[in-house]
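Hi,

Here is the structure I promised to pass on. Have a look at it first, and then read on for what turned up.

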Amino acid sequence: MRASILTREFPPDVYGGAGVHVDFLVRELRKLIDVDVQAMGEPREGATAHTEKEERLAGANSALQVLSTDVAMTAAVGAAGGVDVVHSHTWYANMAGHWAKLLYDVPHVVSAHSLEPLRPWKAEQLGGGYRISSWAERTAYEAADAVIAVSNGMRGDILACYPQLEEKKLHVIYNGIDTEFYHPDPDRSVLERIGVDPSRPYVAFVGRITRQKGVPHLLRAGLAFDRDLQIVLLAGAADTPELKAETDALIADLKAERDGVFVVSEMLPRDQVRQVLTGALSFLCPSVYEPLGIVNLEAMACETAVVASNVGGIPEVVMDGETGIIVPYDADDPAGFERGIAEGVNRLAADHELATRFGRAGRERAVTSFAWDAIATQTVELYQSLL
């Protein structure tokens with residue numbers, strides 16, 4: 001069997017959870033079947049690359065540039081030949097999968113990592129392109145031969161957003177975690193470089209600054225954290241100038257009220273992120289929308305307790321009172337959500353033994369329930385069922 005994976009992200013150009021998913025899924029799939037990867041971006045090993053920077057579309061809305069790249073990816077699938085199934089990841093590649101299905105009469109599998117109707121803030125980033133991305137996603141989902149939801153919460157969201165999708169085509173296969181790579185790492189060299197005081201505990205956030213990730217909530221909650229705690233934010237560039245300005249102002253407010261606030265805007269290598277996750281008293285995930293949240297699994301695999309919102313698939317990963325603390329999110333009560341984050345963090349700050357116990361249970365859960373080899377096997381079984 002030969003599958004063609006269609007994706008925007010592929011190593012080393014990985015900036016989000018979908019890219020992490022594709023990276024590790026492809027590694028495991030290649031142990032079982034023949035895998036062709038069509039990716040957007042610059043040339044790299046292990047994939048056929050397609051640039052999004054075409055001269056004739058210079059200055060055009062980024063959604064048009066994406067669709068143009070989808071055309072090139074579709075053509076490349078045909079040129080490769082012998083593909084039995086195409087599998088697309090995120091709206092960026094969904095149309096390439098849809099067009100390949102139509103052109104080459106092969107099954108199209110979609111992995112749902114997020115849903116455009118549940119991310120209205122993307123209009124702030126894409127403008128009218130958000131309507132195009134929403135159209136592309138809907139078209140691909142409703143015509144797909146199978147849609148993979150990465151959690152049961154995501155499954156419910158898909159049915160609510162796309163009621164025309166036949167329920168029998170919807171399958172839940174969790175995201176996974178490489179627990180051989182993500183493990184407790186005692187090295188503190190990265191923390192020393194950042195300037196973290198080794199004599200004081202810290203909490204950590206890792207992720208992009210998007211509306212989805214709830215970073216402003218975390219920054220406001222941080223004003224009420226135990227004064228002995230340090231805060232380490234591995235926070236990538238903001239999606240929009242407006243969000244950057246808002247976040248910068250909140251960071252300035254936080255630094256004015258307390259010491260030990262460290263912000264790293266560059267994308268650190270995964271082995272360095274592992275160090276930061278391992279040393280943290282707890283990992284913070286204040287997302288307002290999250291289909292699953294691979295980063296929670298990464299923290300758990302590093303034996304770190306998690307304080308996270310109850311949105312999407314997070315409660316299927318983080319067991320409240322066992323591997324961390326789940327905080328209810330209410331869009332109509334942001335102040336209450338922020339108090340809940342602070343209360344969860346301060347509970348662990350007052351009881352390091354509890355944090356350690358949560359961390360150990362999290363590692364065990366990551367190893368036993370989210371292994372990539374099992375997830376790849378389930379994915380191949382789905383492919384075979386479509387042939």
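Keep in mind that this is a predicted model. I'll begin with a cavity: helix α4 (residues 122-126) gives the most to the lining of the largest one, with three residues. The full set of lining residues is Trp121, Lys122, Glu124, Gln125, Arg211, Asp239, Thr240 and Leu243. By type, that lining splits into four charged, two polar and two nonpolar residues. The volume of the largest cavity comes to about 50 Å³. Searching the whole structure gave four cavities of 30 Å³ or more. The general idea behind such a search is that rolling a probe the size of a water molecule over the atoms shows where empty space is left.

Now for the sheets.

**The seven-stranded sheet**

One open sheet has seven strands in the order β3-β2-β1-β4-β5-β6-β7, with parallel pairing. Its edge strands are β3 (48-50) and β7 (170-172), and each of them pairs on one side only. From one strand to the next, the twist averages 20°. At the β7 end, strand β6 (residues 146-149) pairs with β7 in the parallel sense over three bridges. If you want a residue pair to click on there, alanine 149 has valine 172 in β7 as its bridge partner.

**The six-stranded sheet**

There is also an open sheet of six strands, again with parallel pairing, in the order β10-β9-β8-β11-β12-β13. Here β10 and β13 (324-327) are at the edges with a single partner strand each, so one side of each has no neighbour in the sheet. Neighbouring strands in this sheet are turned against each other by 20° on average, ignoring direction.

Let's walk across it, starting at the β10 edge. Strand β9 (residues 230-238) pairs with strand β10 (residues 261-264) over four bridges, in the parallel sense. Leucine 233 has valine 263 in β10 as its bridge partner. Between these strands the chain passes through helix α9 (residues 241-257), and β9, α9 and β10 together make a right-handed β-α-β unit.

While you are on β9, look at alanine 235, which lies in that strand. Is alanine 235 buried or exposed? Its relative accessibility is 5%, and because the cut-off for buried is under 20%, alanine 235 counts as buried. The C-alpha atoms of alanine 235 and valine 206 are 5.9 Å apart in space, although the two residues are 29 apart in sequence.

Further along, strand β8 (residues 202-209) and β11 pair in the parallel sense over two bridges. Valine 203 is matched with serine 282 in β11 as its bridge partner.

Strand β11 (residues 282-285) shows its sides nicely. In a regular strand the side chains alternate between the two faces of the sheet. In β11, Ser282 and Leu284 point one way while Phe283 and Cys285 point the other way, and all are buried. On to the next strand: β11 and β12 pair in the parallel sense over four bridges, and leucine 284 has valine 307 in β12 as its bridge partner.

At the other edge, strand β12 (residues 305-309) runs parallel to β13, and four bridges join them. Valine 306 has glycine 324 in β13 as its bridge partner.

**Helix α11**

β11, α11 and β12 make another β-α-β unit, which is right-handed. How many residues of helix α11 (residues 294-301) are buried? Eight of the eight are, so α11 is largely enclosed by the rest of the structure. The buried residues are Ile294, Val295, Asn296, Leu297, Glu298, Ala299, Met300 and Ala301, so you will find Asn296 and Glu298 in that list as well. After α11 comes glutamate 303, with a positive phi near 65°.

**A residue on the outside**

For contrast, try leucine 103, which has its place in helix α3 (residues 91-104). Leucine 103 counts as exposed because its relative accessibility is 59%, and the cut-off for exposed is over 50%. Its C-alpha is separated by 17 Å from that of glutamate 142, which is 39 residues away along the chain.

That's the tour. Shout if anything is unclear when you open the file.

Cheers

How values were computed: Residues are numbered from 1 along each chain as its sequence is written. This is a predicted model: local features need pLDDT of at least 70, side-chain atom pairs count only at pLDDT 80 or more; totals for chains, interfaces and linings use all residues. Side-chain values use heavy atoms; hydrogens and water are left out. Two strands pair if DSSP finds at least two bridges between them. A crossover is right-handed if, with the strands pointing away from the viewer, the path from the first strand over the helix to the second runs clockwise. On a 1 Å grid over the protein atoms alone, a cavity is a set of points where a 1.4 Å probe fits but cannot get out, and a pocket is an open set with protein on both sides within 12 Å along at least five of seven lines; lining residues have an atom within 4 Å of a point. Grid points are joined across faces, edges and corners, and a volume is the space filled by probe spheres set on the points. Ala, Val, Leu, Ile, Met, Phe, Trp, Tyr, Cys and Pro count as nonpolar, Asp, Glu, Lys and Arg as charged, and the others, Gly among them, as polar. Axes are lines fitted to C-alpha atoms, for helices over the stretch in contact, and angles run from 0 to 180 degrees between N-to-C directions. Buried means under 20% relative accessible area, exposed over 50%, partly exposed in between (1.4 Å probe, protein chains only).
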